[in-house]
Amino acid sequence: MRLLWSLALLALTGAAQAQQVTIYRCTDASGALTVQNDVPCPKGSKQDKRVIGSAPTTSTPPAFVTPIGAAPAPPPNAAPKSPPAAPMSASTAPAVPPASTAQRDDSAVSDRLPPPTLFECRTFDNDRYLSDKGDQPERCAPLQTYGVNGGPSAGAACQMVTDQCQRVADGALCESWRQRLRQAESQLRFGPADQRAGAQADVERMGRIVRESTCGQ
């Protein structure tokens, strides 16, 4: 469990360069462990919260400049050069077989984590959509109003509703994330111009999730 928690932090630190990501480590009453991003643990679970910020940048140390005509000074505490070692013959060189491509690929795949949790939500009029969050805010859904004679009214009214969400099964997570990525790409191509910046950010974020998780096998 500790190894899974450490790997989740390492995988999501790279995705947090442009924004902060909050990681929740949840342990339910039976001892089962789940790791999820930006979604608090369910009630009754033990919660461990970590916030990952932007990775610090490092500056390149200044280069030393040798004056023209002067011999270059040796670096401080430089060890004396040792004579070059004699080349090893084929009979004495140790045989180190290179790792096969299949072994390297299997190791890279085994280090990946499953994608974050997703929720399928349903509106009051049975429209469905995917969301990172299972608790959607209450909103005001428009209602049709009628006048005194039974015809449509010029007034406006609405009722407060909350979309109902349920967690996507683990076996369907990868296909659901790919679906969200396709929707974001469509919004970027055909959506309003003033929303393209947000759509571009969604495409980049969801693309990283699909590529770097077990969905990218």
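Two strands count as paired if DSSP finds at least two bridges between them. Strand 1 (residues 21-27) and strand 2 meet that mark, with five bridges joining them. The model described here is predicted. This briefing covers two sheets, one pocket and one pair of helices.

**Sheet with strands 1, 2 and 3**

- Three strands make up an open sheet in the order 2-1-3, and their pairing is antiparallel.
- Strand 2 (33-37) and strand 3 (46-52) are the edge strands; each has a single partner strand, so one side of each has no neighbour in the sheet.
- From one strand to the next, the twist in this sheet averages 20 degrees.
- Strand 1 and strand 2 run antiparallel.
- Across that pairing, I23 faces N37 in strand 2.

**Sheet with strands 4, 5 and 8**

- Another open sheet of three strands has the order 5-4-8, again with antiparallel pairing.
- Its edges are strand 5 (128-131) and strand 8, each with a single partner strand, so one side of each is left without a neighbour in the sheet.
- The twist here averages 30 degrees from one strand to the next.
- Strand 4 (residues 119-122) is joined to strand 8 by four bridges, and the two run antiparallel.
- R122 stands opposite Q164, a residue of strand 8.

**Second largest pocket**

- Rolling a probe the size of a water molecule over the atoms reveals where empty space remains.
- The second largest pocket has a volume of about 390 Å³.
- Its lining holds 23 residues.
- Nearest the centre of this pocket lie Q36, V39, P40, P42 and F119.
- Strand 1, strand 2 and strand 8 (164-167) each give at least two residues to the lining.
- Strand 8 supplies the largest share of the lining, three residues.
- By type, the lining residues divide into eight nonpolar, nine polar and six charged.

**Helix 3 and helix 4**

- Two packed helices are described by the angle between their axes and by the distance between those axes.
- Helix 3 (residues 173-190) packs with helix 4 (residues 196-212) at an angle of about 155 degrees.
- Angles over 145 degrees count as roughly antiparallel, so helix 3 is roughly antiparallel to helix 4.
- The axes of helix 3 and helix 4 are 9 Å apart.
- The crossing of helix 3 and helix 4 is left-handed.

Terms used. Residues numbered from 1 in each chain as written. Predicted model: local features only at pLDDT ≥ 70, side-chain atom pairs only at ≥ 80, totals over all residues. Heavy atoms only, no water. Axes fitted to C-alpha atoms, helices over the stretch in contact; angles between N-to-C directions. 1 Å grid on protein atoms, 1.4 Å probe; cavity = no way out; pocket = protein on both sides within 12 Å on 5 of 7 lines; lining within 4 Å. Points joined across faces, edges and corners; volume = space filled by probe spheres on them. Nonpolar A, V, L, I, M, F, W, Y, C, P; charged D, E, K, R; others polar. Parallel < 35°, antiparallel > 145°, perpendicular 65-115°, else oblique. Left-handed = near helix turned anticlockwise from the far one by under 90°.
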